[in-house]
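Please show me the structure first. After that, some questions and answers about the terms used for it.

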Amino acid sequence: MPAPGENLKINGERLWDSLMEMAKIGPGVAGGNNRQTVTDEDGEGRALFQTWCEAAGMSMGLDTMGNMFARREGTDPDALPVYVGSHLDTQPTGGKYDGVLGVLGGLEIIRTMNDLGIRTKHPIVVTNWSNEEGTRFAPAMLASGVFAGIHDEAWAYERTDAKGLKFGDELQRIGWRGDEPVGARKMHAFFELHIEQGPILEAEGVDIGVVTHGQGLSWTQVTITGKESHTGSTPMPMRRNAGLGMARILELVDDIAWSHKPHAVGAAGHIDVYPNSRNVIPGKVVFTVDLRSPDLAVIQDMEARLRREAKEICDDLKLDVSFEKVGGFDPVAFDEGCVTAIRTAAERLGYSHRNIISGAGHDACWINRVAPTAMVMCPCVDGLSHNEAEEISPEWATAGANALMHAVLETAEIVE
Ligand code: HGY
Ligand code: MN
Ligand code: MN
């Protein structure tokens, strides 16, 4: 079985044009995107992706979680397909490349194979996973989690957004709830291309991140209850200020993460204050603490310390506090064979590369549970992501997609 030739390259201009075309759907207010999961804009992005896949001669499958599977046939229809993809949904103030590069990078592989008449033994399937971000409906990687048997589908359908709308109802409403039973598909392997979303590759001037591991994640939703009262006429000793409790706990979260430097991280990105009125002491606050580390024992220690010391803070301030685990996964070690395919691809193509641990969670972290999986990363400007100013260069996108293509073709076995 021949390896892909070193001069086998994708069409970088076409990939970049598709990225810019997709970025027009669900525009943000500062040059990025707001194409949140199962919104009308998500539906438009899905439709454009389907149009492009069908124009490339692929057939589209759609499962009951809205996961999309565009299939290019192989010479052996019984061979398990090689899957490649990521997600098209974005953060509310997201960038143009987070997730999208992985989906359209997969499509560009097919377009290049069509241009050059390349055939493979294994079919190749380009995938768009629903609700990777978990911002509108927690947790993150929801649909790939159901696919991998981590979450129950009925539970996933019941996840609600800030307006009380349910994921399953919204998926149905936008017309992207398929009939194919989620998780029924078997994979030969899965590959995901993603921007690093961190500063390492750019700072070191490295083209390709060979992702050996993904750090683990823990999302704890904290609810603090005090007493709403007048911010002017309530004497300080009488106050039960839920906002003060949250402020001290956010300081605690920062201290916990620093106590496990250099790798652990912690913050709260989601915060709701009630009644959120200028002259009312908050009677209730709800926020989600995001703790991460490559080391499971560190995550467990951080979670335990958070609950223990947050309770002490609230007791001191005469506040009630409750905790709910709303998301998380253990640190991930990707498949060595697939990781080697990516490293070999980078070497064959003459790209600088280094092993890297993914700081962000990805659908690949769940798919790794059910199929040999690995990721390839490209740099992003200033390591910035989950910000509308997220930026990459066309050269980085092209190099990442070339390495992805070589790993996918090598695994799918080119047929002369
Ligand atoms: O939260 C994450 O790491 C991913 O971006 N959803
Ligand atoms: Mn992503
Ligand atoms: Mn993201």
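The questions below ask why certain terms apply.

Q: How should the model and its numbering be read?
A: This is a predicted model, in which local features need pLDDT of at least 70, side-chain atom pairs count only at pLDDT 80 or more, and totals for chains, interfaces and linings use all residues. Residues are numbered from 1 along each chain as its sequence is written, chains are lettered from A and ligands numbered from 1 in the order in which they are written, and side-chain values use heavy atoms, with hydrogens and water left out.

Q: What makes Asp98, Glu133 and His386 donors of the manganese ion (ligand 3)?
A: Donors are N, O and S atoms within 2.8 Å of the metal (3.2 Å for Na, K and Ca). Asp98 (OD), Glu133 (OE), Glu133 (OE) and His386 (NE2) coordinate the manganese ion (ligand 3) at 2.2 to 2.5 Å, so they meet the cut-off. Water is not among the atoms, so sites may look incomplete. Along the chain, the donors follow the spacing D-x34-E-x252-H.

Q: Why can Glu133 and His386 be said to tie together parts of the chain?
A: Glu133 lies in the loop between β5 (124–128) and α4 (142–147), and His386 in the loop between β16 (373–378) and α12 (394–412), so the pair ties together parts that are 253 residues apart in sequence. Helices (H or I, at least four residues) and strands (E, at least two) are DSSP runs, numbered from the N terminus.

Q: Which residue coordinates both the manganese ion (ligand 3) and the manganese ion (ligand 2)?
A: Asp98 does, and the two ions are 3.5 Å apart.

Q: Why is Glu133 called buried or exposed?
A: Buried means under 20% relative accessible area, exposed over 50%, and partly exposed in between (1.4 Å probe, protein chains only). Glu133 has 5% relative accessibility, so it counts as buried.

Q: Why is His386 called partly exposed?
A: Its relative accessible area is 40%, so His386 falls in between the two limits.

Q: What makes the phi of Asn131 and of Asp382 worth a remark?
A: Most residues other than glycine have a negative phi. Asn131 has a phi near 45 degrees, a positive value, and Asp382 has a positive phi of about 55 degrees. Asn131, at 1% relative accessibility, counts as buried, whereas Asp382, at 61%, counts as exposed.

Q: How do you know that the peptide bond between Ala138 and Pro139 is cis?
A: Its omega is about 0 degrees. Pro139 lies in the loop between β5 and α4.
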